[in-house]
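Work through the exercises below with the sequence and the structure open beside you. Each task is followed by a solution that goes step by step.

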Amino acid sequence: MGSVDFEFTPPPEAPVFEPTEEEFKDPLAFIAKIRPIGERAGICRIKPPPHWQPPFAVDVDNFNFTPRIQRLNELEAKTRIKLNFLDKIAKFWELQGSSLKIPTVERKALDLHTLHMIVQKEGGFEHVCQERKWSRVAVDMGYPYGRDRKSVV
């Protein structure tokens, strides 16, 4: 096997711009001004003036936040969707001057999101009431139903 001659030619250096404070008063205008050069080179670097602070910068001396404890099961998309749904319901009741009280069925908290989705799948609240499909909704939610028992929902 013969050797392959290969000569590497390094690419040209990316242009570096060091605008003055006056040029950088409007950063987007400066970027628009140098855009043709950056497009030809494919990349460029802008070193802002030494005392320039971006308008969205965080003041680290006065910045504080409350971290949120997030359980691993909350990382799933379905759980986030359910939590967002419950949050919207809670905010609705708060605007009504009341607080959300989640009912319990069979000694377990009722999954309001699942209930909502099943009722929508069955045609909506009015349809489920008119067609008396609540027993079907209860079974779809995993609650027991039998001849000797009425629907729990």
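**Exercise 1. Cysteines**

Task: Establish how many disulfides the structure holds, and classify Cys-44 and Cys-129 by accessibility.

Solution: Keep in mind from the start that this is a predicted model. A disulfide would require a pair of cysteine sulfur atoms within 2.5 Å, and the structure holds zero of them. For the second step, the partly exposed class lies between 20% and 50% relative accessible area. Cys-44 has a relative accessibility of 30% and therefore counts as partly exposed; Cys-129, with 32%, is partly exposed as well.

**Exercise 2. Overall layout**

Task: Describe the order of helices and strands along the protein chain, and state what share of its residues is buried.

Solution: Begin with the inventory, which comes to five helices and four strands. Reading along the sequence then gives the pattern β-α-β-α-β-β-α-α-α. Of the 153 residues, 16% count as buried, while the chain exposes about 13,400 Å², with carbon and sulfur atoms supplying 56% of that area. Finally, take the contacts between residues at least 6 apart in sequence: 41% of these join residues at least 24 apart.

**Exercise 3. The largest nonpolar core**

Task: Find which residues have the most contacts inside the largest nonpolar core, and which helix gives the most to this core.

Solution: The largest nonpolar core has 13 residues, and those with the most contacts inside it include Leu-110, Leu-112, Val-119 and Met-141. At least two residues of this core come from each of α2 (77-95), α3 (112-121) and α5 (134-140), and α3 gives the most, with four residues. To follow one member outward, set aside residues up to four places away in sequence; Leu-112 then touches Phe-85, Leu-86, Ile-89, Leu-100, Ile-102 and Pro-103.

**Exercise 4. Two aromatic side chains compared**

Task: Decide whether His-113 is buried or exposed, and do the same for Phe-65.

Solution: His-113 is placed in helix α3, and its relative accessibility is 13%, so it counts as buried. Beyond its neighbours within four places in sequence, His-113 is in contact with Ile-81, Lys-82 and Phe-85. Phe-65 lies in the loop between β2 (45-46) and α2, and because its relative accessibility is 60%, Phe-65 counts as exposed. In soluble globular proteins, nonpolar side chains tend to be buried together. Here, however, Phe-65 joins Val-58, Val-60 and Phe-63 in a nonpolar patch on the surface, and together these residues have about 470 Å² of accessible area.

Methods. Residues numbered from 1 in each chain as written. Predicted model: local features only at pLDDT ≥ 70, side-chain atom pairs only at ≥ 80, totals over all residues. Heavy atoms only, no water. Buried < 20%, exposed > 50% of the residue type's maximum accessible area, 1.4 Å probe, protein only. Core = buried A, V, L, I, M, F, W, Y, C linked by side-chain atoms within 4.5 Å. Contact = heavy atoms within 4.5 Å. Patch = residues over 30% accessible without salt bridge, like charges linked within 9 Å, V, L, I, M, F, W, Y side chains within 5 Å. Areas by Shrake-Rupley, 256 points an atom, 1.4 Å probe, with all protein chains shown as cover. Salt bridge = Lys/Arg side-chain N within 4 Å of Asp/Glu carboxyl O.
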